[in-house]
Amino acid sequence: EHGASLLDTAWMAYPGHGSDQARIMVNDRFAYVLALDADGDDQGTQAQHMEVLLRWTQMALAEHSLRTDALKPDGTAYHHQMHYGNAYSVHLLRYAAPMAYVLRGSPYALPAASVQSLGKGLWVMQLYAADFSCPRAIGGRILEVVDILKDFWETFILLGALAADYPGLAQYDPAGVAVRLARLRGSLRGNDPEPMRLYARLQAAATP
């Protein structure tokens, strides 16, 4: 009922969730709940669905030191009991950032610890990526995907927009985000005007 079965699974006994499921839940199910009207569906109201999804997402983004998915205290993202640098859990970061942005300032805003985990995960991706590429040695079976960070420019923008509300994202101040986006400028899609406008505002904020 209203997705409450999500909270009854064995996953809820431990922090972190399987990244295959988690990245889909924070993207697809979140979109579904947003599309509901206040009365919801035959399983419950929109508010009930959102409350369940929020509790589930907090657990999915919780850091832990077990061998299972997803986010670790050092900021690495695990899958298949290893640091998987270019797929799976890193996409949890990519899909959870829009959720955090949309819910900011609402009764369903993600807690600071969850958003800080997102920021740490993306920051660590920059540390192990050379020129925004993932070393093949931590690419698991997906060896052909090395330029993973070029797809995360929206995530930089969203975390920069959230920095004012979450002190744990201080490293994503407008100046810092503008510098990182400038390095990614060649991969920005010019046919999407809103990100480019926000990018320009970040650049202006970074100018003395």
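Q: Which residue's side chain meets Arg23 in a salt bridge?
A: Asp20 does, with 2.9 Å from N to O. Keep in mind that this is a predicted model.

Q: Where do Arg23 and Asp20 sit relative to each other?
A: They're both in helix α1, residues 19-35, and because they are three residues apart there, about one helical turn separates them.

Q: Why would that spacing suit a pair?
A: An α-helix has 3.6 residues a turn, so residues three or four places apart point the same way. Side chains of opposite charge can then pair when their charged atoms come close.

Q: How accessible are Arg23 and Asp20?
A: Arg23 is partly exposed at 21% relative accessible area. Asp20 is partly exposed as well, at 35%.

Q: How many salt bridges does the structure hold?
A: Two. Besides the one in α1, the side chains of Lys120 and Glu63 meet at 3.2 Å, N to O. That pair links distant parts of the chain: Lys120 is in helix α4, Glu63 is in the loop between α2 and β1, and they are 57 residues apart.

Q: What about exposure for Lys120 and Glu63?
A: Lys120 has a relative accessible area of 25%, so it counts as partly exposed. Glu63 is partly exposed too, at 30%.

Q: OK, stepping back, what's the secondary structure of the chain?
A: Seven helices and two strands. Going along the sequence, the pattern is α-α-β-β-α-α-α-α-α.

Q: How much of the chain is buried?
A: Of the 208 residues, 45% are buried. The accessible surface comes to about 10100 Å², and carbon and sulfur atoms account for 55% of that.

Q: Which residues of α5 are buried?
A: Trp153, Thr155, Phe156, Ile157, Leu158, Leu159, Gly160 and Leu162. With eight of the ten residues in 153-162 buried, helix α5 is largely enclosed by the rest of the structure.

Q: Back to the loop between α2 and β1: is His64 buried or exposed?
A: His64 is buried, since its relative accessible area is 6% and the cut-off for buried is under 20%. The loop holding His64 runs between α2 (46-60) and β1 (78-79).

Q: What does the His64 side chain make a polar contact with?
A: The side chain of Lys72, at 3.4 Å. Setting aside residues up to four places away in sequence, His64 also touches Pro15, Gly16 and Asp69, among others.

Q: And which ring does Lys72 lie over?
A: Lys72 lies over the face of Tyr78, 4.8 Å from the ring centre. Arg104 has a similar kind of arrangement: its charged end sits over the ring of Tyr101, 3.8 Å from the centre.

Q: How many aromatic pairs are there?
A: Two. Tyr84 and Tyr88 make an edge-to-face pair, 5.0 Å centre to centre with 85 degrees between the planes. Both of those tyrosines are buried.

Q: Which residues form the other pair?
A: Trp123 and Tyr172, also edge-to-face, at 5.5 Å centre to centre and 85 degrees between the planes. This pair joins distant parts of the chain: Trp123 is in helix α4 (residues 112-128), Tyr172 is in the loop between α5 and α6 (174-183), and 49 residues separate them.

Q: How accessible are Trp123 and Tyr172?
A: Trp123 is partly exposed, at 25% relative accessibility, whereas Tyr172 is buried at 0%.

Notes:
Residues numbered from 1 in each chain as written. Predicted model: local features only at pLDDT ≥ 70, side-chain atom pairs only at ≥ 80, totals over all residues. Heavy atoms only, no water. Buried < 20%, exposed > 50% of the residue type's maximum accessible area, 1.4 Å probe, protein only. Helix = DSSP H or I, 4+ residues; strand = E, 2+ residues; numbered from the N terminus. Polar contact = N/O pair within 3.5 Å; in protein donor to acceptor, adjacent residues only side chain to side chain. Contact = heavy atoms within 4.5 Å. Phe/Tyr/Trp six-rings, centres within 6.5 Å; stacked < 30°, edge-to-face > 60°. Lys NZ or Arg CZ within 6 Å of the ring centre and 35° of its normal. Areas by Shrake-Rupley, 256 points an atom, 1.4 Å probe, with all protein chains shown as cover. Salt bridge = Lys/Arg side-chain N within 4 Å of Asp/Glu carboxyl O.
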